[in-house]
Each structure stands twice: as structure tokens, then as C-alpha cells.
Amino acid sequence: MSTRRGTCTNRKFQDPRRTACGSERAVVPFRNLDTLWVNTGTLCNIECANCYIESSPRNDRLSYIAAGEVSAYLDEIENLRMGTRLIGFTGGEPFMNPHFITMLDDTLGRGFQALVLTNAMKPMWNRRDALAGLRHRHAASLQVRVSVDHYSREQHEAERGPGTWTPMLRGLHWLQEQGFEPTVAGRVPDDQTEAELRDGYAALFSVEGLEIDAQDPARLVLFPEMDETRDVPEITRQCWDLLSVRPEDQMCATARMVVKRRDSPRPVVVACTLLPHDPQFELGATLAEARRPVRLNHPHCARFCVLGGASCSAGFDRSDA
């Protein structure tokens, strides 16, 4: 890994081919499209303190994508026989998009599995009847992952804002009552270990009567914090062997995300969920164009994926769903 201090540090993540210290930057070849993510838009009902995509009630930098535009990508998957199994929906808050239920119904009706990332607050609550109907028709093919940033109300609301704890729990309870097996996504703060966090979440789930196994990484997904301002090593070609990590196991080897930029006539495909705004990770307008290698020229590539070992589709590995 490229870790030398001084001049190198000041020039990190600038050259797509070389690290600041001159080493050949790591590249992840495209393997297959196992997961297609759809960003439904950056508008959200809340504004988190450390949102990597800067979602808020005012940020429409990524516009609401329309159901027909999503359908065209599903058509492309089928026409190219890409073998994609999972369609993930993220935002912003997906349930704020007025087309969301239609695109989710289309996705499930075609036989894909679907994963929805939500804060489980008012936007989901207002569409709970439609969501329950989808659950009734498609059973285990639909999974909902709820963001619970910490097992304590204080730290959760420090991130998500005052008054976000109670409606989130109401949404979680409703999902369980409807027969969903909701999963939870949390964050790993610098001052706690993963074991401590899992024990804390286990206590919360027990008190709340939520049937979620906090020790199961598929039911409680813990993500590293992402902060572009903090120093992180660049990933070189030599890092794969040094870290005993394989490029084919990285998220961008098997996933892409569709976004629609404000004032753009059509959506585009980007390398991953974490980098919707960086132009160097825009790969074209179609999935066929996006089947190319990705150079790991961003701090998130190092902190979240290679060193953090994280994947946004973690927890949805059930081949029988």
C-alpha cells in the first residue's frame, strides 16, 4: 500500500493510473452484474450529519428516477442475459420517489430479488399498505434494510437528528408484524469494537421484541464510517497479495448503480453506490457500456471496500429467496 508521508500524502487520489508515490494503482476488472443498484433520488425526509451522498429535504442533485427508466435497464439485463439476481434501491429515501412502488412491483414481477434501503420513517409509513401488498405477492424476494446508526437513541439521533428514533422503531416493528424479516444497517464508530456494537444492538432488539440476530452479519450489517477528509492508504496492485484480498471480491466487480442527474435527459451508470457524483466513476448510459474495469482512485475505495471489507449488498445472499 502507498503510505509514505510528506509530498505523497498531499497528492493522493489524483492520478487514476498512479498513486501519489508513483505505484501502479489497483484496478478491479468487471466480472459480472450480480447486483444492479438504483438511486431513486437524493431527496430525503431527514438530513444526516455524515451522509456520504449528502441527502436532505433540499438536495435534488440526483433527480427522482422514473419507473420507465428503471424498466429499460431491467429490459437490458434480460436482453443481454446478464444473470443479475438482485436489484437494490437506495436514495435519498426511496419511499419519497412517487414512482417507487411501481418500479419495485416491476422488479419483483420479473423474478428479481429486491433490497430496499430505508430509514423506515414517515415516507415508508405512508406507503405501508402498498408495501404490505408487495410482501404478500412476492414473499421472501423482497427485503427491507433499516438504517439504525447506533443502538442508543442518543447516538442514533446525533447522526439522524432529534425525533428520528421513535418513528424508526415504529417502522421496524411494523415490518416484523407484516412478516418481513427486516435487516438493520449500523455504523462502526472509532471508539467501539464490532463485538461491543453487536452486543449493544442485541440488547436493543431484545428489549424491543425484535427478532433480529445481532450476531448474524446478514441481519445486522455494520459499515465503516466514511470520511473523505481522513487519511487513508491508496491501494496499489501489490496490495492484493499484501492484504490477501482479491479484486474479484470487491463491490465494483459485480455491481453497478443507475443514477439520474438533475437536468439530465436520461440516467447513467456509475461504478458503485458510494461514488454517484465523481465523474471519473461514470461508465456510460447503458449497462453494456459499464462492463469495464474500475480504477480505485478514491478514499472510499480504500476505507470502505478494500480495507473495510464492506459491500452494500451484504446480507442478501439467500440463493433460495
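This report walks through one helix, two cavities and a few single residues of a predicted model.

## Helix H5 and its two sides

Let us begin with helix H5, which runs over residues 128-138. Which residues of H5 are buried? They are Leu131, Ala132, Leu134 and His138. These buried residues span an arc of only 160° around the axis, which puts them on the same side of H5. A general point about helices helps here: an α-helix has 3.6 residues a turn, so residues three or four places apart point the same way. If you turn to the other side of H5, you will find Asp129 and His136, which are exposed.

What covers the buried residues of H5? The cover includes three helices, namely H3 (100-109), H4 (122-125) and H7 (165-177), together with strand S5 (142-147). Just after the end of H5 comes Ala139, and its phi is positive, at about 50°.

## The largest cavity

How many cavities of 30 Å³ or more does the whole structure hold? A search finds two. The largest cavity has a volume of about 620 Å³, and 31 residues line it. To find its centre on your screen, look for Tyr52, Leu117, Ser147, Arg160 and Arg187, the lining residues that lie nearest to that point.

Several strands take part in this lining. Strand S4 (113-118), strand S5, strand S6 (183-188) and strand S7 (220-224) each supply at least two residues. S6 gives the most to the lining of the largest cavity, with three residues. Sorted by class, the lining of the largest cavity has 14 nonpolar residues, 10 polar ones and seven charged ones.

## The second largest cavity

The second largest cavity holds about 100 Å³ of space. It is lined by 15 residues, and those closest to its centre are Cys252, Cys272, Leu296, Cys301 and Cys305. Which classes do the lining residues of the second largest cavity fall into? There are 13 nonpolar and two polar residues, and no charged ones.

Two helices are worth finding here. Helix H10 (251-254) and helix H11 (299-306) each give at least two residues to the lining of the second largest cavity. H11 gives the most, with four residues.

## A closer look at H11 and H10

H11 deserves a second visit. This helix is mostly covered, as eight of its eight residues are buried. Reading along H11, you meet Pro299, His300, Cys301, Ala302, Arg303, Phe304, Cys305 and Val306 as its buried residues. What do the buried residues of H11 pack against? Their partners are strand S7, helix H9 (239-243) and helix H10.

H10 is also the home of Thr254. Thr254 has a relative accessible area of 15%, and the limit for buried is under 20%, so Thr254 counts as buried. Setting aside neighbours within four places in sequence, Thr254 is in contact with Arg31, Asn32, Leu33, Asp34 and Thr35.

## Thr118 in strand S4

Now go back to strand S4, where you will find Thr118. Is Thr118 buried or exposed? Its relative accessibility is 2%, so Thr118 counts as buried. Neighbours within four places in sequence aside, Thr118 is in contact with Glu93, Phe95, Met124, Val144, Arg145, Val146 and Ser147. With Glu93 there is also a polar contact, made side chain to side chain at 2.8 Å.

## Two residues with more open surroundings

Arg170 sits in helix H7. Its relative accessibility is 37%, so Arg170 counts as partly exposed. How far apart are Arg170 and Gln155 in space? The distance is 18 Å from C-alpha to C-alpha, while in sequence the two are 15 residues apart.

Ala158 belongs to helix H6, which covers residues 153-160. With a relative accessible area of 61%, Ala158 is exposed. Ala158 and Gly83 are 75 residues apart in sequence, and their C-alpha atoms are 41 Å apart in space.

Terms used. Residues are numbered from 1 along each chain as its sequence is written. This is a predicted model: local features need pLDDT of at least 70, side-chain atom pairs count only at pLDDT 80 or more; totals for chains, interfaces and linings use all residues. Side-chain values use heavy atoms; hydrogens and water are left out. Buried means under 20% relative accessible area, exposed over 50%, partly exposed in between (1.4 Å probe, protein chains only). The arc is that of the directions from the helix axis to the C-beta atoms. Contact means heavy atoms within 4.5 Å. On a 1 Å grid over the protein atoms alone, a cavity is a set of points where a 1.4 Å probe fits but cannot get out, and a pocket is an open set with protein on both sides within 12 Å along at least five of seven lines; lining residues have an atom within 4 Å of a point. Grid points are joined across faces, edges and corners, and a volume is the space filled by probe spheres set on the points. Ala, Val, Leu, Ile, Met, Phe, Trp, Tyr, Cys and Pro count as nonpolar, Asp, Glu, Lys and Arg as charged, and the others, Gly among them, as polar. A polar contact is a pair of N or O atoms within 3.5 Å; within protein, one must be able to donate a hydrogen and the other to accept it, and residues adjacent in sequence count only if both atoms are side-chain atoms.
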